[in-house]
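Let's work through a few exercises together, with the coordinates open beside you. Try each task yourself before reading its solution.

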Amino acid sequence: FAQNSDSHNGRVDIQTDSGSLHVGDDADAKKIGLPLYPGAKLKIGDKNGSQANLALFTQAFGMKLLVANYVSGDSPDKILNFYRDKLKRYGKVLECHTDKHGGDVDVHDDSDKDSDNNKNKSKELKCDDDNNSGPVTELKVGTEDDQHIVSVEPGNSTKGATFALVYVHTRGKKGEI
């Protein structure tokens, strides 16, 4: 089998006959499929990293996860209004409230989809729990298999906010990425 590994610039790319893997810190708003909020800057100094790009593809399944964290001097409401409009192109926008960024992202493979009629069906997104009082607002759009999320949290001071842009796409044997 052929294997190619490249670990330059914080990225790892492995290609084999049975699949591929990409791990990197090269995610950004454009790759996630959303415009960057005007004036926002990449969040620096986050111990978990500000960006993540993970893709794993095999014949049996595939998964792509892109995350980019930003800061802005604007209020959470201004950021939410900007992204609420931009997310509409992907479908109905769901608004959820939680205690922390990156509430649960639910994804499922399509291994239980046994007919071609069901191969393109995916579960609708929903809020993670009934806690509607947390300081973080998440805008979600799409399905469990193909979702965009914008998670906005008030900043540590009296103004500003941090926000994460997230894209998740999964497929089982029958789907395409």
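The exercises below go from the whole chain to single residues and pairs.

This is a predicted model, in which local features need pLDDT of at least 70, side-chain atom pairs count only at pLDDT 80 or more, and totals for chains, interfaces and linings use all residues. Residues are numbered from 1 along each chain as its sequence is written, and side-chain values use heavy atoms, with hydrogens and water left out.

**Exercise 1. Lay out the elements of the chain and describe its overall burial.**

Step 1. Start with the DSSP runs: helices are H or I runs of at least four residues, strands are E runs of at least two, and both are numbered from the N terminus. The chain has two helices and 10 strands.

Step 2. Read the order from the N terminus: β-β-β-α-β-β-β-α-β-β-β-β.

Step 3. Turn to burial, where buried means under 20% relative accessible area, exposed over 50%, and partly exposed in between (1.4 Å probe, protein chains only). By that rule, 36% of the 177 residues are buried.

Step 4. Add the surface, computed by the Shrake-Rupley method with a 1.4 Å probe, with only the protein chains shown counting as cover for residues. The accessible surface is about 10,500 Å², and carbon and sulfur atoms hold 48% of that area.

Step 5. Finish with contacts, meaning heavy atoms within 4.5 Å. Among contacts with a separation of 6 or more, 63% are between residues 24 or more positions apart.

**Exercise 2. Find the largest nonpolar core and say which elements build it.**

Step 1. A nonpolar core is a set of buried Ala, Val, Leu, Ile, Met, Phe, Trp, Tyr and Cys residues joined through side-chain atoms within 4.5 Å. In soluble globular proteins, nonpolar side chains tend to be buried together.

Step 2. The largest core holds 22 residues, and Tyr-83, Val-150, Phe-163 and Leu-165 have the most contacts inside it.

Step 3. Two or more residues each come from α1 (29–32), β6 (62–72), α2 (76–87), β8, β9 (146–154) and β10 (161–171). Helix α2 gives the most, with five residues.

Step 4. Take Leu-165 as a test case. Setting aside neighbours within four places in sequence, its contacts include Ala-29, Ile-32, Leu-66, Tyr-83 and Val-150.

**Exercise 3. Classify the ring pairs made by Phe-82.**

Step 1. Rings of Phe, Tyr and Trp (its six-membered ring) pair if their centres lie within 6.5 Å; planes under 30 degrees apart are stacked, over 60 edge-to-face, and the rest tilted. Five aromatic pairs meet this rule.

Step 2. Tyr-37 and Phe-82 have ring centres 5.2 Å apart and planes at 90°, so this pair is edge-to-face. The pair links distant parts of the chain, with Tyr-37 in the loop between α1 and β4 (41–42) and Phe-82 in helix α2, 45 residues apart.

Step 3. Check the accessibility: Tyr-37 is buried at 5%, and Phe-82 is buried at 19%.

Step 4. Phe-82 and Tyr-83 have ring centres 4.9 Å apart and planes at 90°, so they are edge-to-face as well. Tyr-83 is buried at 0%.

Step 5. Place these rings in context: ring pairs link Tyr-37, Tyr-70, Phe-82, Tyr-83 and Phe-163 into a cluster.

**Exercise 4. Which cysteines form a disulfide, and what is its handedness?**

Step 1. Search for cysteine sulfur atoms within 2.5 Å of each other. The search gives one disulfide, joining Cys-96 to Cys-127 with an S to S distance of 2.1 Å.

Step 2. The torsion about the S-S bond of Cys-96 and Cys-127 is about -90°, so the disulfide is left-handed.

Step 3. Cys-96 sits in strand β7 (residues 94–98) and Cys-127 in the loop between β7 and β8 (136–143), so the pair ties together parts 31 residues apart in sequence.

Step 4. Compare the two ends: Cys-96 is buried at 3% relative accessibility, whereas Cys-127 is partly exposed at 24%.

**Exercise 5. Is Asn-53 buried or exposed, and which side chain does its own side chain contact?**

Step 1. Asn-53 is in strand β5, and its 7% relative accessibility makes it buried.

Step 2. Its side chain makes a polar contact with the side chain of Asp-26 at 3.2 Å. Such a contact is a pair of N or O atoms within 3.5 Å; within protein, one must be able to donate a hydrogen and the other to accept it, and residues adjacent in sequence count only if both atoms are side-chain atoms.
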